[in-house]
Amino acid sequence: MKVLVVNSGSSSIKYQLFRSQDWVALASGSVARIGEAEGEIRGEWLDWKGERQTSRAPAPIPTHQEGIDHIIAVLRESGVLGDVSELTAIGHRVVHGGEHFKRPTLVDDAVAKAIEEVIPLAPLHNPANLAGIEVTRRLFPRVPSVAVFDTAFHQTMPRTAYRYAIPEFLYTEHRIRRYGFHGTSHHYVAKRAAVLLGKPLAACNLVTLHLGNGASATAIREGRSVDTSMGLTPLEGLVMGTRCGDIDPAIHFYLSKNLGLDTAALEDLLNRQSGLLGICGVNDMREIDRLAEAGDDRAELAIGISAHRIKKYIGAYCAELGRVDAIVFTGGIGENAAEIRCRACEGLENLGIRMDDSANFAIEERGERCISTPESAVRVLVIPTNEELEIAQQALAAASEAAGESH
């Protein structure tokens with residue numbers, strides 16, 4: 001049997017098809033520029049010989065429904081999906097589940113309505129996520145659609161971690177609190193870290209660092225999230241590609257008063273013009289590394305500020321957890337930027353963290369690996385994330401549980 005994973009954005013849909021017996025990815029791809037004059041369909045799949053094939057073609061894609069139609073057509077024409085009846089479940093990434101959703105959930109009308117109700121908390125993401133769900137429910141009414149929420153993994157945080165020091169009514173009436181994101185990624189790498197450590201996940205204390213264009217840190221005690229750096233929105237926390245992360249909240253008032261910026265301009269400034277981009281004019285860490293090596297001072301500053309913020313969170317979460325088994329780096333930057341990893345862990349020997357520079361900077365090394373010395377009390381691990389696989393596995397589990405309950 002097979003599980004399809006759909007990540008529906010406002011103008012694109014990414015997908016992967018997994019064979020559930022061994023979790024091999026049979027196909028992946030995307031449809032891009034939905035609603036524009038000319039879209040694009042990309043596909044990659046394993047043929048009957050097990051060799052990887054690719055396709056890429058322009059096509060008008062007016063709506064998300066046409067986008068899903070194109071995806072199914074590619075899967076059928078490539079031979080990896082003979083019939084929709086082969087699908088056991090369709091897993092959907094949903095960015096925000098609010099306080100209501102603490103686990104993957106089979107979507108029915110009530111669940112769809114609940115996802116719609118938290119749109120104010122994620123206005124850029126949840127409408128598109130919901131659009132993908134609604135299309136697949138219409139097209140494939142017999143295939144369970146399962147929502148897997150970015151926020152769900154963090155619902156185990158204690159209220160001392162998720163509440164803000166603001167008037168009570170803002171939480172009770174408007175649900176303003178820390179929710180956290182990247183939960184699917186943090187959960188996946190935590191499980192893989194437990195395997196590498198040779199311990200049950202429930203016995204592991206970890207600091208996981210998802211570092212990409214979006215970035216977040218999570219403190220995990222006994223396999224459960226107890227604190228995370230992103231807050232009500234993905235703006236809080238670490239320095240990101242175009243997001244500022246933690247800043248003095250009074251900067252908003254200052255900019256409004258002295259620069260005349262309204263709320264829309266402030267949101268754009270802090271979400272899309274700040275972070276690495278705001279510091280050095282570039283938000284791709286690979287290019288920033290090249291610029292820094294060539295002597296660009298602003299690029300060097302961007303690396304320094306980013307690493308400094310990561311180190312602060314490592315220290316804070318080590319203090320919060322007390323005992324830490326491993327620091328885990330993941331995401332495009334976490335997996336590939338050795339300099340960031342080095343600077344973020346530099347000088348933390350008093351916390352039991354001792355980096356192995358030769359392992360950290362080994363260019364040929366890829367995949368899951370340990371980059372700390374044998375003497376390090378806290379292991380430092382690099383684990384490539386696989387959010388799509390995590391969504392597929394959670395979707396299958398939820399669909400199987402629901403099928404069991406119905407019999």
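**Exercise 1.** Is histidine 182 buried or exposed? Place the residue in the chain and relate it to phenylalanine 149.

*Solution.* The model is predicted, with local features needing pLDDT of at least 70 and side-chain atom pairs counting only at pLDDT 80 or more, while totals for chains, interfaces and linings use all residues. Residues are numbered from 1 along each chain as its sequence is written, and side-chain values use heavy atoms, with hydrogens and water left out.

Step 1. Buried means under 20% relative accessible area, exposed over 50%, and partly exposed in between (1.4 Å probe, protein chains only). Histidine 182 has a relative accessibility of 11%, so the residue is buried.

Step 2. Histidine 182 sits in the loop between H5 and H6. Helices here are DSSP runs (H or I, at least four residues), as are strands (E, at least two), numbered from the N terminus.

Step 3. From histidine 182 to phenylalanine 149 the C-alpha distance is 9.1 Å, and 33 residues separate them in sequence.

**Exercise 2.** Examine the positive phi values of tryptophan 23 and arginine 175.

*Solution.* Step 1. Most residues other than glycine have a negative phi. Tryptophan 23, however, has a positive phi near 60°, and arginine 175 has a positive phi near 55°.

Step 2. Tryptophan 23 belongs to the loop between strand S2 (12-19) and strand S3 (24-32). Arginine 175 belongs to the loop between helix H5 (168-172) and helix H6 (183-197).

Step 3. Tryptophan 23 is partly exposed, because its relative accessibility is 23%. Arginine 175 is also partly exposed, at 29%.

**Exercise 3.** Classify two helix pairs by angle, H2 with H3 and H10 with H11.

*Solution.* Step 1. Axes are lines fitted to C-alpha atoms, for helices over the stretch in contact, and angles run from 0 to 180 degrees between N-to-C directions. Angles under 35 degrees count as roughly parallel, over 145 as roughly antiparallel, 65 to 115 as roughly perpendicular and the rest as oblique.

Step 2. Helix H2 (residues 109-117) crosses helix H3 (residues 126-139) at roughly 165°, their axes coming within 10 Å. H2 is therefore roughly antiparallel to H3.

Step 3. Between helix H10 (residues 285-293) and H11 the angle is about 125°, and the axes lie 7 Å apart. This pair is therefore oblique.

Step 4. A crossing is left-handed if the near helix is turned anticlockwise from the far one by less than a right angle, and right-handed if clockwise. H2 passes H3 in a left-handed crossing, and H10 passes H11 in a left-handed crossing.

**Exercise 4.** How many residues of helix H13 are buried? Relate this helix to proline 120 through isoleucine 340.

*Solution.* Step 1. Helix H13 (residues 338-345) has 7 of its 8 residues buried, so the helix is largely enclosed by the rest of the structure. Among the buried residues are Ile340, Arg341 and Arg343.

Step 2. Glycine 347, with a positive phi near 80°, follows H13.

Step 3. Proline 120 lies in the loop between H2 and H3. Proline 120 counts as exposed because its relative accessibility is 64%.

Step 4. The C-alpha atoms of proline 120 and isoleucine 340 are separated by 34 Å, and the two residues are 220 apart along the chain.
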